[in-house]
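These are my notebook entries on a single protein model. I looked up charge pairs, a pocket, nonpolar cores and a few individual residues.

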Amino acid sequence: VDSDHEIEAAAGQDIPSIFATLGEGAFRDGERRVIARLLTGTPKIIATGGGAWLNADTRAAIDQHAMSVWLDAKLNTLYGRVAGKPGRPLLDGQDVRKVLERLIEERYPIYEQADIRVNSNITPYYYVTSVRKLPGKLTQQRKHEQEAKRTADSMRNKQKHRTRPTPGKRCSTRLLQHNTL
C-alpha cells in the first residue's frame, strides 16, 4: 500500500495540490493519520514517503506495530530517480542535487533508526532478491526476541521465588540478547 496514494484519496487532491493549498504542515499531519490507520487491520507492506519517518509519532507507531525498512540510496542513485520528474513539492523549481544533499544530511541520521537497512543502490534484480529475504530474517529476529523475552520472564519468576542471598555473599544475574540479521 502506497501511503501517498492513500493520502491523496483521503484529501481528494494530489500531493502537489495539498502542498500548494494547505502547506507542508497539513500534508504531514494527514500523512501521520493515514499511516496510523494503515498500521491497523490485516498485515501489509506500507510504502511511505521520505518525510514520514521524520515524525516521532509515526516512527513510534511503526515501531509498535510493524518492522521498518530503510531503502538506503546514495546521492547519485536518488538524483537519477527523481531529477526532471514532476510532482515532488520539495524538489520542484529547486536545484535538485543541492536539495537532495541537504535532505540526506538532515534525514539519514533519523533513517538509521529503522529496524532494517537495505542497500537500494544495486540493480533491481539484487534489490528485489534482498527484499524477498526479509520475511525469513524478520521471522528469525522475532524468534530471538521471543526467546529473550521468555528468558527474561523466567528469570523474573525465579527472582520472585528466590530466597534472599546469605549476607556477605554476592549475587548477580546477566541476560544476554543476541540479535542476528
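**Entry 1: salt bridges**

I began with Asp-29 and Arg-33, whose side chains form a salt bridge with an N to O distance of 2.5 Å. The model is a predicted one, and side-chain atom pairs were counted only at pLDDT 80 or more. Both residues belong to helix H3, and because they are 4 residues apart there, about one helical turn separates them. I noted Asp-29 as partly exposed, at 30% relative accessibility. I then recorded that Glu-24, Arg-28 and Glu-31 are joined into one network by salt bridges that share partners.

Within that group I looked up Arg-28 and Glu-31: their salt bridge has its closest N and O atoms 3.1 Å apart. These two residues are 3 apart in helix H3, again about one helical turn. Are they buried or exposed? Arg-28 is buried at a relative accessible area of 19%, and the cut-off for that label is under 20%. Glu-31 is also buried, with 3% relative accessibility.

How many salt bridges does the structure hold? I found 7. One of them pairs the side chains of Glu-6 and Arg-37, at 3.4 Å from N to O. Glu-6 sits in helix H1 (residues 3–11) and Arg-37 in helix H3 (residues 24–38), so this pair ties together parts that lie 31 residues apart in sequence. Both ends are partly exposed: Glu-6 has a relative accessible area of 27%, and Arg-37 one of 43%. As a general remark, side chains of opposite charge can pair when their charged atoms come close.

**Entry 2: the second largest pocket**

I next looked up the second largest pocket, which encloses about 180 Å³ of space. Which elements give two or more residues to its lining? They are H1, helix H2 (15–22) and H3. H3 supplies the largest share, 6 residues.

The lining includes Ile-7, Ala-10 and Ala-11, together with Ile-18 and Leu-22. Also in the lining are Ala-26, Phe-27, Asp-29, Gly-30, Arg-33 and Val-34. Asp-29 and Arg-33 are thus found here as well as in the salt bridge that opened these notes. By type, the lining residues divide into 8 nonpolar, 1 polar and 2 charged.

**Entry 3: nonpolar cores**

I then turned to the largest nonpolar core, which has 18 residues. Leu-91 and Leu-100 are the residues with the most contacts inside this core. Helix H4 (56–65), helix H5 (75–82) and helix H6 (96–111) are the elements that each give two or more residues to this core. The largest share, 7 residues, comes from H6.

What does Leu-100 touch, leaving out residues up to four places away in sequence? I listed Leu-75, Leu-78, Tyr-79, Val-82 and Leu-91. Apart from the largest core lies another, of 7 residues, among them Ile-7, Ile-18, Val-34 and Leu-38. Of these, Ile-7, Ile-18 and Val-34 also line the second largest pocket.

**Entry 4: Ser-3**

I looked up Ser-3, placed in helix H1. Its relative accessible area is 0%, which makes it buried. With residues up to four places away in sequence left out, Ser-3 touches Val-34, Ile-35 and Leu-38, and also Ile-46, Ala-47, Thr-48 and Gly-49. Val-34 and Leu-38, in this list, are members of the core of 7 residues.

**Entry 5: Ala-73**

Where does Ala-73 lie? I placed it in the loop between strand E1 (69–72) and H5. Ala-73 is buried, with a relative accessible area of 1%. Beyond its neighbours within four places in sequence, Ala-73 is in contact with Leu-78, Arg-81, Tyr-108, Ser-120 and Asn-121. I also checked Ala-73 against Ile-104: the two are 31 residues apart in sequence, and their C-alpha atoms are 9.5 Å apart in space.

**Entry 6: the whole chain**

Finally I recorded the totals. The secondary structure of the protein chain comes to 8 helices and 2 strands, arranged along the sequence as α-α-α-α-β-α-α-β-α-α. Of the 181 residues in the chain, 25% are buried. Taking contacts between residues at least 6 apart in sequence, I noted that 60% join residues at least 24 apart.

Definitions and conventions. Residues are numbered from 1 along each chain as its sequence is written. This is a predicted model: local features need pLDDT of at least 70, side-chain atom pairs count only at pLDDT 80 or more; totals for chains, interfaces and linings use all residues. Side-chain values use heavy atoms; hydrogens and water are left out. A salt bridge is a side-chain nitrogen of Lys or Arg within 4 Å of a carboxyl oxygen of Asp or Glu. Buried means under 20% relative accessible area, exposed over 50%, partly exposed in between (1.4 Å probe, protein chains only). On a 1 Å grid over the protein atoms alone, a cavity is a set of points where a 1.4 Å probe fits but cannot get out, and a pocket is an open set with protein on both sides within 12 Å along at least five of seven lines; lining residues have an atom within 4 Å of a point. Grid points are joined across faces, edges and corners, and a volume is the space filled by probe spheres set on the points. Ala, Val, Leu, Ile, Met, Phe, Trp, Tyr, Cys and Pro count as nonpolar, Asp, Glu, Lys and Arg as charged, and the others, Gly among them, as polar. A nonpolar core is a set of buried Ala, Val, Leu, Ile, Met, Phe, Trp, Tyr and Cys residues joined through side-chain atoms within 4.5 Å. Contact means heavy atoms within 4.5 Å.
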